[in-house]
Every structure is written in structure tokens, then in C-alpha cells.
Amino acid sequence: MAGVEIDLLAIPRGLVIAPAGCGKTQLIADALGRHAGDKPILVLTHTNAGVAALRGRLDRAGVKPSSYRLATIDGWAIRLISTFPDRAGHNPSIITRARPSYPVIREAAFGLIKAGHINDILAASYDRLFVDEYQDCSIRQHYVVGWAAKTLPTVVLGDNLQSIFGFGDDRLALWQDEVLKFFPVVGELSTPWRWINAGSEALGEWLLALRAELVAGRPIDLRTTPAGVEWVPLDGIHDDGIRLRAGAVDAPGDTKVLIIGDSTDPRGQRRFASQIPGAVTVEAVNLQDLTDFGSNLDLDGANALKTVAKFAESLMSAFSADELVDNIRGMRDGTIDRAPTDIETHAMLFDAERSCERAGELLAAINRAGGVRCYRPNVLYAAQRALQLCASTGGPSLSEATITIREQTRLIGRPLAKRSVGSTLLLKGLEAEISVILNADGLDAKNLYVAMTRGSKRLLVCSRSPILNPGA
């Protein structure tokens, strides 16, 4: 398959341009499967979820674990400076603090390699280096890889049109002026395997042609598309209803749907997820709402019940935090004279005991109530685990527990629900049979390309005009 297109094992240093869905992961797996050297190949990518996904693919392909070492770029950098702390000369706190100082960690790592202290160790430890998703490398990560490439044969794989992430002060490496000058292009994948394998080759070929148009800055005409692509016109009046109907597209059997909303409007994404039957949100790895809950819940405070109820309201539809708090107040002062519901019973138990255990029981009661639907299950389950950890003997504070659970969650891949709502930033790297773009007019060329390449069989594009001009 893609393995015969480019032999990664024969490249001393270079870049393979890898458009979406063209077999990049298979190319890596094929090379690792053929590797027969005594030393493993070091494979680096960006996120722990990416590591988990890549390891799963390699396991399914039957690649021997002894033939490679897989890590994130930052994880490998931490391992390097932790193994050689005196030579790296860093302050250990940059690693041990609750939020590691990744830019400083990267500087310490490339400084260690640049000084030549461990060149012999790198050469003795690894046969060569592969780096996936290189378009997402920050400048400091680029330096880490670049200095390692002075010692190890190195191939990086990526596609600048999928470069949609940013690193704050640690900016992305400039593709033309920094990446290509050090890693010359040695090949480009050109077979749309994702769509061929899904029986939608025409769609895949159209997307490859679309990529060229986007790179050139030309407009896209949604009136001349292959089967599987549907333009959903917005009229400026009933846009929400039109988008909701598009997001509720029929998905028989095991068909999965990715619904792509506005990256700048996470609340809007959640609102759509709450209104589309069966839809759930894809959450950012920092799980900010979880850690905010851990910080904000004061079990001794007068508003403890309201804090738990408001948190539940942010995760579940058909539940009112204010109504629950008012009902509990009414039952306590006698203005409401009826038997409490299951939710109200657990709310009163929590209000009486004020413990993490009772808070977890209240969240569970709300989640199982008739008519209530949790559309942010990942946050709910993480909160329940944090509350259990906090309630354990000698357990940490809730704030500490939420951080612990968040960090554990980073290490595992994101399971894809039947119908998932997110943004290009959250859905990049994921794929489903159907993708729905809720606001194509608002996407630049890179985000539009990422959004359009998520679906392997069908693509629905909501926009005011059939002519998209993201390069304008």
C-alpha cells in the first residue's frame, strides 16, 4: 500500500508531505515492520492521545514493540534532561510543578543535544528517528528534533495545510523558512487511502484536488462536487435550525458523525450537542471546566449545593440547577409539601453531609434521572473519578484530584462517540464516516481543509454561499 510509495528507512534526512488520509500512519507502520536493525527506531509525535492512537495502529499491524520506541516530543525531552540533569543544567522544578514549563524543558533538551554531550548515547540507543505531524512543531520542538537529526537519520512527516495549532510564546516553526530549509522534501503521498478503503475514491480524489486549490488560494465551488458532498445553504434567518437538522443527519448502524463548530465558541458547540439527539462534545485535553469545579467547590461554603448543581447543568440537558436549589430550600422551610424526587433526596443528603462522596452520588442521581441526558460524558466521568479519589482514605483535595485525573486522561486516546461535536482543533486527527461543517464561511483555508477531510464517506457543508473563498 502506501509503504511502497516512499521508503522511510532509506532517507538520511528529509520531509514527507502527507495530505490527510493518504496513508501516513501506514507508511510509518510499514517501515517499522520492515526494520531489522539491532537498535529501535525512535518515533515522536505531539500528544499522548496521538501516542496511544499510533501504538494501537502499530499493534494491529503486528509491528514488534522491540523495533521502536514511541513518545511525545515533550515526553522524550523530559526523559533526556531527567537522565542527564547535571549536563542539562536545568532547574528540576520545571518538570515537577503542577504545570510543567514546556518551553523551558524544550530549551534545556535542545541545549543538551546541541552541546554534543549525548551524541554517542543517541547513536547507540536508536537506529533513526521518525517525527509525525511535523506541521504542529513549535520552534523549540523543531530545535530539539533538528539537533537530534545531526546524529540520527531523521524523517519528519506532515502537511502545512493542516497546521492549525499554536503555542503562545513558543511559536510554530515557519514551514518555508525553518522546516523546509533543514528537512528537504523527499516525497509526497498522493493516494487517498482513507476514502478508497471506505469505497469513496471519487470523494478522496476531489479532496486531494481541493487541497491544491486551497494552497493556491483559489475559491471552492460547492456546486461542482462528487457524490457524498452536500452543500447545506444557510439563509441568515433560520440558520440554527438548518444546522441542527444537518447535525442530526441519518447515520445508520455503526456510522459515526463528526459535527464541526466554531473553534472560538465552545459554548455554541455545547449548545448544539445538547440539542442534537445522541450528540456529545469532544473536550479539550486541559478539561478546564473539571479543574475549575475542583477549585470552586467549597464544601463548607453556603453555595456548595449550587456549585455542584451548576456544574451538572453545564454537562446535562433538561436539568435546572436553580430549580433544584429552590426546591431544596422550599422543602426545608416547609413551603413545598411533597415527597422528594431521587435527585432531591441526594441533594439534601449532600447538603447535610457536604462530602466528595455525596457530591458524586448527587451527580450520578442527576445523570440517571428520566429525561436528563449527559452530552459531556467525558467531563462527568472525570469528575466522578476525581470525587472518588478525593473521598478515598488519605485522598487529595478535590482540586488536586481533578488535576490528577486530568493528567491521567491525557494519556489515553479519545473514544469516538456515535455523534461528536467539536471544532477543528479538537477533531483534528479523528475521522468518521460523515462530517458536518456548521459554519464553513468562517473557516480559513487550513481549518476548512482539516474539517473537510474528517469524513470518509459523506460531507455536509453549511454556508451562506456555495462559493467558499477562505484565501480572501
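Two strands are said to pair if DSSP finds at least two bridges between them, and the helices (H or I, at least four residues) and strands (E, at least two) are themselves DSSP runs, numbered from the N terminus. With these terms in hand, one can read that strand 9 (residues 257-260) is joined to strand 13 (residues 419-422) by 4 bridges, and that the two run parallel. The structure is a predicted model, in which local features need pLDDT of at least 70 and side-chain atom pairs count only at pLDDT 80 or more, while totals for chains, interfaces and linings use all residues. Residues are numbered from 1 along each chain as its sequence is written, and side-chain values use heavy atoms, with hydrogens and water left out.

Strands 9 and 13 belong to an open sheet of 6 strands, whose order is 8-15-14-9-13-10 and whose pairing is parallel. At its edges are strand 8 (229-233) and strand 10 (279-281), each of which pairs on one side only. Neighbouring strands of this sheet are turned by 20 degrees against each other on average, direction ignored; for such angles, axes are lines fitted to C-alpha atoms, for helices over the stretch in contact, and angles run from 0 to 180 degrees between N-to-C directions. Helix 11 (residues 201-215) packs on this sheet, where it touches strand 8 and strand 15 (455-463), and its direction makes about 55 degrees with that of strand 15. Contact here means heavy atoms within 4.5 Å.

Strand 13 is a good place to look at the pairing residue by residue. On the side of strand 9, Ile259 has Val421 as its bridge partner, and Ile260 stands opposite Gly422. Strand 10 is joined to strand 13 by 3 bridges, again in parallel, and there Ala279 stands opposite Arg419. In a regular strand the side chains alternate between the two faces of the sheet. In strand 13 both faces are covered, since Arg419 and Val421 on one side and Ser420 and Gly422 on the other are all buried, where buried means under 20% relative accessible area, exposed over 50%, and partly exposed in between (1.4 Å probe, protein chains only).

Helix 11 also holds Trp206. This residue counts as buried because its relative accessibility is 15%. Leaving aside residues up to four places away in sequence, Trp206 touches Ile220, Thr224, Thr225, Pro226, Val229, Met452 and Leu459. One of these, Thr225, is 19 residues from Trp206 in sequence, yet the two are 7.5 Å apart in space, C-alpha to C-alpha.

A second open sheet is also made of 6 strands, here in the order 3-2-4-5-1-6, with parallel pairing. Its edge strands are strand 3 (68-72) and strand 6 (185-188), each pairing on one side only, and its twist averages 20 degrees from one strand to the next. Within this sheet, strand 2 (residues 41-45) and strand 4 pair in the parallel sense over 3 bridges, with Leu42 standing opposite Leu129 of strand 4.

Helix 2 lies across strand 2 and strand 3 and runs at about 155 degrees to strand 3. The axes of helix 1 (residues 24-34) and helix 2 (residues 48-60) come within 10 Å and cross at roughly 55 degrees. The two helices are therefore oblique to each other, because angles under 35 degrees count as roughly parallel, over 145 as roughly antiparallel, 65 to 115 as roughly perpendicular and the rest as oblique. Their contact is made by Thr25, Gln26, Ala29 and Leu32 of helix 1 and by Leu54, Arg57 and Leu58 of helix 2.

Arg128 sits in the loop between helix 7 (119-125) and strand 4 (129-131). Because its relative accessible area is 10%, Arg128 is buried. A polar atom of its side chain lies 3.1 Å from the backbone oxygen of Ile11, and a polar contact of 3.4 Å joins the side chains of Arg128 and Asp127. A polar contact is a pair of N or O atoms within 3.5 Å; within protein, one must be able to donate a hydrogen and the other to accept it, and residues adjacent in sequence count only if both atoms are side-chain atoms. Not counting residues up to four places away in sequence, Arg128 touches several residues, among them Leu8, Ile11, Leu42 and Pro153.
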